[in-house]
Amino acid sequence: MIMAFGKNARRVLLVLMVMCATSTAKRPAAKEGAAPAPAPEASASEASGATGIFDITNVGATSDGKTDCSKELQEAWKSACGAAGQATVLIPKGEFLAGPLNFSGPCKGDVTIHIDGTLLGTNDLPKYNGGSWINILKVNNLVITGSGTIDGQGANVYTKDPAEAKAFPNSLVLDFVKNGTVSGITLLNSKFFHMNIYMSEDVKIENLTITAPGDSPNTDGIHIGDSTNINVTDTTIGTGDDCISIGGGSSHIIVTGVTCGPGQGISVGCLGRYKDEKDVSDVTVKDCVLRSSTNGVRVKTYENAVKSITASKLTFENIKMEDVANPIIIDQNYCPEKVCTAKSKSAVTVKDVIFRNITGTSSTPAAVSLLCSDKQPCSGVELIDVNVEYSGENNKTIGVCNNAKGTAKDTLQALACLA
């Protein structure tokens with residue numbers, strides 16, 4: 001073609017080559033000692049997480065621990081929940097103050113909340129309006145992980161009138177969550193429960209640290225209610241209330257490798273307090289250590305029960321007690337507010353409960369207390385290889401059994417009080 005058209009054709013080809021080179025040219029390298037050329041500014045989509053990572057600082061969150069970052073956290077969640085595929089809300093190192101957060105689904109893809117910094121719950125209590133702090137609702141395939149902390153800053157409410165406590169917020173709530181994992185993080189000084197799991201299924205809780213003062217009221221570590229297939233593993237909990245409490249409507253719950261103390265132990269219940277409660281079944285607590293807690297492994301039912309429900313197939317095994325008060329206890333006369341009448345009797349049935357290979361020391365003479373109702377006696381209770389001894393001086397270890405039916409095998413003779 002060039003041969004045929006001569007100089008004109010060569011001019012056209014030269015122009016095209018120059019245009020192509022200009023359009024694809026890179027920035028020239030900076031001369032030695034010169035300031036580098038400024039990088040191009042990120043687009044809005046890149047700043048908000050076009051790669052699937054939604055960093056809250058990219059939408060304006062300030063890590064000074066004083067500026068309210070609720071809006072930025074909500075914006076990051078909205079973007080992540082609306083993204084297809086894998087998305088991550090990133091809370092980087094730093095302290096981020098926040099009020100009530102509502103992370104609602106369903107989401108288009110799978111969302112991870114990665115916490116490396118510290119979330120601080122506001123102490124402006126009216127903002128919670130009687131609700132919880134971090135609410136996660138109707139989200140499937142959720143992951144919460146990282147090395148950071150959810151700090152409820154509860155010290156400011158621990159000295160308030162106990163009657164006000166029910167209005168204080170839980171720190172982290174999973175409602176209607178399916179297939180979730182919470183791992184690695186620390187939950188600290190919640191104003192009420194540290195974690196509340198409700199109407200959820202197939203949730204794994206692992207490698208958490210949950211901490212509050214031993215005298216902080218109503219600061220349960222993990223409460224589980226109306227949920228199924230919940231596994232709590234390798235977690236350390238020390239609070240002012242139950243380390244773990246398992247409420248009505250729960251089934252197929254496994255707690256393993258938990259260290260508890262201070263606190264009120266690992267409990268099934270309190271049961272029978274509310275008219276819409278459902279049965280509890282298939283609960284296993286194993287390979288745990290309890291240290292200086294006010295109870296060990298416990299089943300508690302409300303003395304003034306308003307609903308007849310059943311707690312059954314409960315197994316507590318391979319548990320080590322270290323100076324624990326009431327290491328093994330079934331209490332069907334539970335009435336913490338002391339408002340129950342003398343004529344009230346538990347309407348909750350407790351049956352098929354196994355205590356196996358439980359060892360260590362008790363800080364109270366009664367290492368076993370099976371305090372069952374004469375209206376609804378406990379049945380099918382088994383004490384197998386139970387050897388817990390009172391650590392005090394000049395007192396004998398005893399077992400107390402009221403209206404409890406079952407068997408004892410290879411158990412310290414003083415504790416074998418079952419009929």
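**Backbone geometry at four sites**

N318 is partly exposed, with a relative accessible area of 31%. In this predicted model, the residue also stands out for its backbone: phi of N318 is near 55 degrees, a positive value in a residue other than glycine. N318 belongs to strand β26, which covers residues 310–324, and the positive phi is therefore found within a strand, at a position that is partly exposed.

A second asparagine invites a look alongside N318. N141 is not a glycine either, yet its phi is positive, at about 55 degrees. The setting of N141 is strand β9, made up of residues 140–145. With a relative accessible area of 30%, N141 counts as partly exposed, because the partly exposed class lies between the buried limit of under 20% and the exposed limit of over 50%.

Attention now turns from phi to omega, and to two cis peptide bonds. One of them joins G105 and P106, where omega is about 5 degrees. P106 sits in a loop, with β5 (101–104) on one side and β6 (110–115) on the other. The other cis peptide bond runs from G269 to C270 and has an omega near 15 degrees. Here the residue that follows the glycine is a cysteine, and C270 is placed in strand β23, spanning residues 266–271.

Taken by element, the positive phi values fall in β9 for N141 and in β26 for N318. For the cis bonds, P106 is a loop residue, whereas C270 is part of a strand.

Technical notes:
Residues are numbered from 1 along each chain as its sequence is written. This is a predicted model: local features need pLDDT of at least 70, side-chain atom pairs count only at pLDDT 80 or more; totals for chains, interfaces and linings use all residues. Side-chain values use heavy atoms; hydrogens and water are left out. Helices (H or I, at least four residues) and strands (E, at least two) are DSSP runs, numbered from the N terminus. Buried means under 20% relative accessible area, exposed over 50%, partly exposed in between (1.4 Å probe, protein chains only).
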